[in-house]
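Here are some notes for your review. They go element by element, with side-chain pairs in between.

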Amino acid sequence: MVRLALGALLRALGVLALLSMHIGIALTLRLNAIGIVNVHWATNVPDALKLLQEVPVDIVLTDYNMQPVDGLTFTRMLRDSERNDAPFVPIIMMTGHATKKIVAAARNAGVTEFLAKPVSVASMYDRLVEVIENPRPFV
């Protein structure tokens with residue numbers, strides 16, 4: 001019964017993904033595989049901020065290494081309630097370079113969960129379930 005309810009919740013989620021084109025396509029396929037169909041992705045910060053105002057967003061996924069604005073800066077922008085309407089949206093950050101320093105910087109910027117690449121369907125599912133079932137404030 002719980003898994004059935006979780007499946008319905010996943011199908012209803014609105015996900016904003018700020019990722020490069022090739023990572024965005026691959027990630028969308030992984031999200032679709034676990035039942036998430038409302039995936040809106042942007043390849044740059046201005047488009048991501050615009051989507052935040054245009055579509056319902058329950059969770060944000062971003063890459064640490066984005067250009068010209070990196071994932072940490074984007075996270076800080078989202079957490080700034082004077083500049084953004086959704087300062088408490090859960091943020092899951094991904095990187096291929098998950099050092100302690102990067103993870104700490106992401107946490108300090110306001111990231112909710114962290115994923116090391118390569119991202120599997122199972123690891124994405126686990127982080128999404130963690131964000132849904134155990135919401136927590138950021139520091």
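1. Ile25 sits in helix H2, which spans residues 21–33. This is a predicted model. Ile25 counts as partly exposed because its relative accessibility is 46%, and the cut-offs put partly exposed between 20% and 50%. Together with Met21 and Leu29, Ile25 makes a nonpolar surface patch of about 320 Å².

2. Next, strand S1. Five of its five residues are buried, so by the under-20% cut-off the strand is mostly covered. Both faces are covered. Gly14, Leu16 and Leu18 are on one side, and Val15 and Ala17 are on the other. S1 pairs with strand S2 (residues 38–42) in the parallel sense, over five bridges. Within that pairing, Val15 stands opposite Val39 of S2.

3. Helix H4 covers residues 71–79 and is mostly covered, with seven of its nine residues buried. Those buried are Gly71, Leu72, Phe74, Thr75, Met77, Leu78 and Arg79. What do the buried residues of H4 pack against? Their partners are three strands and two helices by name: strand S1 (14–18), strand S3 (59–63), strand S4 (91–95), helix H3 (45–54) and helix H5 (100–109).

4. Look at the start of H4. There, a side-chain oxygen of Asp70 comes to within 3.1 Å of the backbone nitrogen of Leu72. Leu72 is also one of the buried residues of H4.

5. Thr75 is worth inspecting on its own. It lies in helix H4. Is Thr75 buried or exposed? Thr75 counts as buried, because its relative accessibility is 0%. Leaving aside residues up to four places away in sequence, Thr75 touches Thr62, Ile91, Met93, Ala109, Gly110 and Val111.

6. Now the charged pairs. How many salt bridges does the count come to? The count comes to three salt bridges, with a cut-off of 4 Å between nitrogen and carboxyl oxygen.

7. One salt bridge joins Lys50 and Glu54, with the closest N and O atoms 3.9 Å apart. Both residues belong to helix H3. They are separated by about one helical turn, because they are four residues apart in that helix. Lys50 is exposed, and Glu54 is exposed as well.

8. Another salt bridge brings together the side chains of Lys117 and Asp63, at 2.5 Å from N to O. This pair links distant parts of the chain, 54 residues apart. Lys117 is in the loop between strand S5 (113–116) and helix H6 (121–133), while Asp63 is in strand S3. Lys117 counts as partly exposed because its relative accessibility is 29%. Asp63, at 4% relative accessibility, counts as buried.

9. The side chains of Arg127 and Glu113 also meet in a salt bridge, at 3.6 Å from N to O. Arg127 lies in helix H6 and Glu113 in strand S5, so the pair ties together parts that are 14 residues apart in sequence. Arg127 is partly exposed, with a relative accessible area of 26%. Glu113 counts as buried, since its relative accessibility is 13%.

Key:
Residues are numbered from 1 along each chain as its sequence is written. This is a predicted model: local features need pLDDT of at least 70, side-chain atom pairs count only at pLDDT 80 or more; totals for chains, interfaces and linings use all residues. Side-chain values use heavy atoms; hydrogens and water are left out. Patches are made of residues with over 30% relative accessible area and no salt bridge: like charges are joined within 9 Å, nonpolar side chains (Val, Leu, Ile, Met, Phe, Trp, Tyr) within 5 Å. Accessible areas come from the Shrake-Rupley method with a 1.4 Å probe; for residues, only the protein chains shown count as cover. Buried means under 20% relative accessible area, exposed over 50%, partly exposed in between (1.4 Å probe, protein chains only). Contact means heavy atoms within 4.5 Å. A polar contact is a pair of N or O atoms within 3.5 Å; within protein, one must be able to donate a hydrogen and the other to accept it, and residues adjacent in sequence count only if both atoms are side-chain atoms. Two strands pair if DSSP finds at least two bridges between them.
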